[in-house]
Amino acid sequence: MNAPLRLGIAGLGTVGASLARLVEARGDTLAPQLGRPLRVVAISARDRKRDRGFDMDTIAWHDDPVSLASANSVDVFVELIGGADGVAHESVRAALESGKSVVTANKALLAKHGAALAALAEERDAQLSFEAAVAGGIPIIKTLREALAGNRLTRLYGILNGTCNFILTRMEAGADYPAALKEAQALGYAEADPTFDVEGLDTAQKLSILTSIAFGTKIDSESIYVEGISGITSEDLTAAEELGYRIKLLGVAQRTDTGIEQRVHPTMVPRDCGIARISGVTNAVAVEGDFIGSVMHSGPGAGGDATASAVMGDIVDLARGVRVPPLGRPAAELEPYRRARMRAHEGGYYLRLMVRDRPGAFAAIAQHMADAGISLDSIVQRNRPIGTAPKRGTERDQPVTIITHSTTEEAIRGALANIEAGGEVSGRPQMIRIEAL
Ligand code: HSE
């Protein structure tokens with residue numbers, strides 16, 4: 001049996017503590033599979049005293065993660081601190097500089113510095129592994145980088161944020177947005193300041209990493225079109241249900257003639273497709289390629305044990321001596337990311353307008369759509385119940401939902417601007433993209 005693989009873990013929050021317990025429980029029993037046992041030999045965290053459910057007495061303590069990252073006693077540096085910069089970035093760089101392999105769950109770090117860190121790892125003949133950085137326990141990095149490597153991928157899309165999916169699921173069940181968010185916060189899914197999750201930024205960071213591996217391009221998290229879920233209302237969920245759709249916050253990366261689209265936005269998906277059925281905090285990622293057709297993984301996107309499971313998968317690869325370019329191809333071979341123009345995006349659209357209840361309003365709206373070359377699939381006025389028609393002079397604005405056939409973002413935005421300028425609607429129109437699945 002070979003010598004143990006010696007792990008140094010920086011960051012002992014839920015994931016770090018869970019990983020340490022997993023290594024304590026399985027470090028020896030996995031040895032026949034791996035050819036060597038696993039040991040945690042060094043740790044670093046903010047609070048030394050807290051009981052984390054594993055024996056810390058025999059493990060070297062470092063106050064400074066950077067010193068742990070470069071310690072000779074450590075073979076693999078496991079970074080579970082978080083954050084794009086600061087000590088997480090410094091310690092990962094220090095480990096790679098010293099030729100040590102790194103395992104990290106840090107999506108922010110990868111989204112910002114992934115291409116540079118991959119290049120550094122290759123230069124120093126070290127591995128950089130980050131399965132846990134995207135979709136928690138779901139093995140999507142390995143799937144894209146290894147299992148589907150023979151495919152020319154065309155599109156991937158996923159529910160990459162459990163908080164948003166939980167909120168939308170609760171809204172489907174009748175809660176309004178503030179109540180669903182409050183519930184997510186009470187259950188510990190959403191932060192006190194939920195902006196990063198609900199405005200789609202967390203999804204965007206994860207998407208940028210997947211895009212790079214799927215399409216062989218440099219990670220570009222700055223070029224993503226991002227819209228969150230805070231503008232979605234119960235009326236939209238009800239209308240979606242009536243029209244045969246569900247609303248999901250999707251991250252989508254898609255090859256187009258003008259480049260690669262990277263977009264994060266609330267999306268209408270047909271109610272009977274696989275991703276529509278993913279509820280609560282569960283994540284899912286679907287990938288489409290020329291030989292595989294379509295494949296979808298679903299599972300826990302967060303949580304200490306599930307995320308530690310993904311970190312452990314990377315450690316197991318290192319123990320076995322598996323070597324792969326971190327982003328699927330050597331860093332020097334990654335192509336620059338060519339951004340597709342969002343205005344050229346093609347698809348169907350759902351629109352919800354508050355239309356002034358007066359003669360000709362409907363016709364004017366239909367005319368604006370026709371002028372923009374947009375063909376309508378359905379247009380529904382949500383009338384009050386039969387027999388309750390208003391008396392002349394008491395008309396109120398009426399909600400109207402429109403589903404379009406496939407058109408462009410440019411055409412929709414142009415038509416909506418003209419509709420608003422024409423004064424036939426009150427308030428801002430709602431617009432949700434429909435994904436063809
Ligand atoms: N906050 C994320 C989510 C998990 O709600 O899915 C960590 O990325």
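**Figure 1. Salt bridge between R50 and D47.** In this predicted model, R50 pairs with D47 in a salt bridge whose closest N and O atoms are 3.9 Å apart. The distance falls inside the criterion, because a salt bridge needs a side-chain nitrogen of Lys or Arg within 4 Å of a carboxyl oxygen of Asp or Glu. R50 is partly exposed, at 46% relative accessibility. D47 is also partly exposed, with a relative accessible area of 34%. The structure as a whole holds 31 salt bridges.

**Figure 2. Salt bridge between R124 and E123.** The closest N and O atoms of R124 and E123 are 3.3 Å apart, and the two residues form a salt bridge. E123 counts as exposed, at 56% relative accessibility. R124 has 33% relative accessibility and counts as partly exposed, because the exposed class begins over 50% and the buried class lies under 20%.

**Figure 3. Salt bridge between E435 and R263, and the network around the pair.** E435 and R263 form a salt bridge, with 2.9 Å between the closest N and O atoms. E435 is in the segment after β17 (425-434) and R263 is in strand β10, so the pair ties together parts that are 172 residues apart in sequence. Both partners are buried: E435 has 3% relative accessibility, and R263 has 0%. E435 and R263 belong to a network of salt bridges that also links R155, E261 and E288.

**Figure 4. Second largest cavity.** The second largest cavity holds about 50 Å³ of space. Its lining is made by S223, Y225, I260, E261, Q262, Y337, R339, A340 and M342. Strand β10 (residues 259-270) gives the most to this lining, with three residues. By class, the lining of the second largest cavity has five nonpolar, two polar and two charged residues. E261 is one of the lining residues and is also a member of the salt-bridge network of Figure 3.

**Figure 5. Largest cavity.** Rolling a probe the size of a water molecule over the atoms shows where empty space is left. There are two cavities of 30 Å³ or more in the model, and the largest has a volume of about 70 Å³. The residues that line the largest cavity are Q127, L128, S129, R145, E146, D314, D317, L318, V322 and V324. Elements giving two or more residues to this lining are β6 (128-129), α6 (140-147) and α12 (304-320). Of the elements, α12 gives the most, with three residues. Four nonpolar, two polar and four charged residues make up the lining of the largest cavity.

**Figure 6. Positive phi at D125.** Most residues other than glycine have a negative phi. D125 departs from this pattern, with a positive phi near 60 degrees. D125 is placed in the loop between α5 (107-123) and β6. The residue is exposed, because the relative accessible area of D125 is 58% and the class of exposed residues begins over 50%. From C-alpha to C-alpha, D125 and S375 are 56 Å apart in space, and 250 residues separate D125 and S375 in sequence.

**Figure 7. Positive phi at A135.** A135 is not a glycine, yet its phi is positive, at about 60 degrees. The residue sits in the loop between β6 and α6. Is A135 buried or exposed? A135 is buried, with a relative accessible area of 0%. D125 of Figure 6, by contrast, is exposed, with a relative accessible area of 58%.

**Figure 8. Nonpolar surface patch at Y189.** L187, Y189 and V281 make a nonpolar surface patch of about 240 Å². Y189 is in the loop between α8 (177-186) and α9 (195-198). With a relative accessible area of 34%, Y189 counts as partly exposed. This value lets Y189 enter a patch, because patches are made of residues with over 30% relative accessible area and no salt bridge.

Note on methods. Residues are numbered from 1 along each chain as its sequence is written. This is a predicted model: local features need pLDDT of at least 70, side-chain atom pairs count only at pLDDT 80 or more; totals for chains, interfaces and linings use all residues. Side-chain values use heavy atoms; hydrogens and water are left out. On a 1 Å grid over the protein atoms alone, a cavity is a set of points where a 1.4 Å probe fits but cannot get out, and a pocket is an open set with protein on both sides within 12 Å along at least five of seven lines; lining residues have an atom within 4 Å of a point. Grid points are joined across faces, edges and corners, and a volume is the space filled by probe spheres set on the points. Helices (H or I, at least four residues) and strands (E, at least two) are DSSP runs, numbered from the N terminus. Ala, Val, Leu, Ile, Met, Phe, Trp, Tyr, Cys and Pro count as nonpolar, Asp, Glu, Lys and Arg as charged, and the others, Gly among them, as polar. Buried means under 20% relative accessible area, exposed over 50%, partly exposed in between (1.4 Å probe, protein chains only). Patches are made of residues with over 30% relative accessible area and no salt bridge: like charges are joined within 9 Å, nonpolar side chains (Val, Leu, Ile, Met, Phe, Trp, Tyr) within 5 Å. Accessible areas come from the Shrake-Rupley method with a 1.4 Å probe; for residues, only the protein chains shown count as cover.
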